[in-house]
Amino acid sequence: MQRFFVQNFGCRASQADGAALEAALENQGLSAAPEAAAADVVVLNTCTVTAAADEDARRAIRRVKRDNPGANILITGCYAQRAPRELAAIPGVTWVIGNSHKTEIPDILAGSSLPYHGAIHVEDIFSRAEFLAAPVEDAAGDRSRPNLKIQDGCNNRCSFCIIPFVRGRSRSAPAHQVIEQVRHLAARYKEVVLSGINLGRWGREPGSSMRLADLLRRLLDETPIRRIRLSSVEPMDFGDDLLRLMAESPRIAKHVHAPLQSGSDRVLRRMHRKYRPRHYQDRLVKARAWMPEAAIGADVMVGFPGETAEEFEQSRCFIESLPFTYLHVFTYSERPGTPAAQAPDQVPVAIRKERNQILRDLAARKNLEFRRGMIGRTLSAVTLHEGALSDNFLKIDLASPRPANELIDVRIGSLTAAGLREHDPLRVLA
């Protein structure tokens, strides 16, 4: 029996793909190894959103080759889809299998009794019109919150983004399939995270009348899942119907993540984003009014080509004015094949890094203010293998160990460096 190990890189959708792949490989008769050094087949499920993500994958290949020279290395995911020949040329790589063939990996392995260097299985992702995802059986690794991918691909063409070209057009999992999978996961887990490349576009295919809010209502009505959490949703897909449902249902996590990228109108236009700052502000102000204790986060990019000091300051001031509780700050990275990579006035790397730090410091201040407001309150949380995660996306150190995968109410006593600590009467008395 071959042993395998899957290492995932990148977004929640990629994590969900990896969890599904693990289950599929076990169903094919392979057994999971505890680490890459103990595996016969090492699967690297890659990301290519930035140059740093590409380098992470290449570094991982070299590490596996060094620590486990006898292993067959299989590269899949977005980097594999974008640059298969580049990866196949790296010593130690046995297969390169793109997103176009990711669900076929178990069959490819089963049929490869004599693997050969650099076998490539990649085709044009836009030729795949169907939703490509194997069922998620459980939470990958030590997670106690499964990521279930219900949407893939993206029809937007942001000028900086390579992802539509490695994920294809927007495609949705059928509602009945999502309901059945959530019902299955609900028997084992208290929280399920719904993910996608452009999650808010679920159900938008021609001929479909259902939207994401409609799917959530069916999940609430037809499954016993205790908590549903949404991953990233584009700001203009946070319509009133969806926000109202999130606010009213105790079974939907109070957690809004809406990518911003920039608070400058001019930069958003050059990015080909489909909203203006005033539109984004309207969505977040409404989210905060309807969910006063919700986590509100965003992806923000600094150093986009042509970003002037004035435009960056506009973005910083805009972010300062909004009720964010955390930010994911990214430094712009040129992606081959995107319009932005060919744009003039590339911002010097040193300035990009400086702006990144400014926004990280701002995010840290906002997060600290938000966490301080939680002291003395009781929060609903799901227990993890270490600590817990609150409904509003805050890590909690528990006063005493509890089994993972339980929903509990936690009274907050104090802050930690990056999260919260449960009130402990014994500590107070001491």
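In this predicted model, R377 counts as partly exposed, at 37% relative accessibility. R377 forms a salt bridge with E293, and the closest N and O atoms of the two are 2.1 Å apart. E293 also counts as partly exposed, with a relative accessibility of 32%. R377 sits in the loop between α13 and β14 (378-383), while E293 belongs to the loop between α11 (277-290) and β12, so the salt bridge ties together parts that are 84 residues apart in sequence. Elsewhere, salt bridges that share partners link D17, K102, K149, D152, R167 and R171 into one network.

In total, the structure holds 40 salt bridges. Side chains of opposite charge can pair when their charged atoms come close. Two further examples sit within single helices. In helix α2, D56 and R59 are three residues apart, about one turn of the helix, and they form a salt bridge with a closest N to O distance of 2.9 Å. D56 has a relative accessible area of 34%, which makes it partly exposed, and R59 is partly exposed with 37%. The second example is in helix α8 (residues 212-222), where about one helical turn separates R217 and D214, three residues apart. Their side chains meet in a salt bridge of 3.6 Å, N to O. R217 is partly exposed at 30% relative accessibility, and D214 is partly exposed with a relative accessible area of 27%.

The helices can now be placed against the sheets. Strands of a sheet pair through backbone hydrogen bonds, either parallel or antiparallel. One open sheet has six strands in the order β2-β1-β3-β4-β5-β6, with parallel pairing. Strands β2 (31-32) and β6 (119-121) stand at its edges with a single partner strand each, so one side of each has no neighbour in the sheet. Parallel pairing between β5 (residues 93-98) and β6 runs over three bridges, and V96 has I120 in β6 as its bridge partner. Helix α1 (residues 12-27) packs on this sheet and touches β1 (3-8), β2 and β3 (41-46), its direction making about 175 degrees with that of β1. Helix α2 (residues 51-67), home to D56 and R59, also packs on the sheet, where it touches β1, β3, β4 (72-77) and β5; its direction makes about 170 degrees with that of β3.

Another open sheet consists of three strands in the order β11-β12-β13, again with parallel pairing. Its edges are β11 (255-257) and β13 (326-331), each with a single partner strand, so one side of each is left without a neighbour in the sheet. From one strand to the next, the twist averages 15 degrees. Strand β12 (residues 295-302) pairs with β13 in the parallel sense over six bridges, and Y326 in β13 is the bridge partner of G297. Helix α13 (residues 349-372) lies across β12 and β13 and runs at about 175 degrees to β13.

Finally, the nonpolar interior can be described. The largest nonpolar core has 69 residues, of which I150, L194, Y280 and F324 touch the most other members. Beyond its neighbours within four places in sequence, Y280 is in contact with P235, A258, P259, L260, Y275, G297, A298, F318, L322 and F324. Apart from this core lies another, of 23 residues, which includes V42, L44, A53 and Y79.

Technical notes:
Residues are numbered from 1 along each chain as its sequence is written. This is a predicted model: local features need pLDDT of at least 70, side-chain atom pairs count only at pLDDT 80 or more; totals for chains, interfaces and linings use all residues. Side-chain values use heavy atoms; hydrogens and water are left out. Two strands pair if DSSP finds at least two bridges between them. Helices (H or I, at least four residues) and strands (E, at least two) are DSSP runs, numbered from the N terminus. Axes are lines fitted to C-alpha atoms, for helices over the stretch in contact, and angles run from 0 to 180 degrees between N-to-C directions. Contact means heavy atoms within 4.5 Å. A nonpolar core is a set of buried Ala, Val, Leu, Ile, Met, Phe, Trp, Tyr and Cys residues joined through side-chain atoms within 4.5 Å. Buried means under 20% relative accessible area, exposed over 50%, partly exposed in between (1.4 Å probe, protein chains only). A salt bridge is a side-chain nitrogen of Lys or Arg within 4 Å of a carboxyl oxygen of Asp or Glu.
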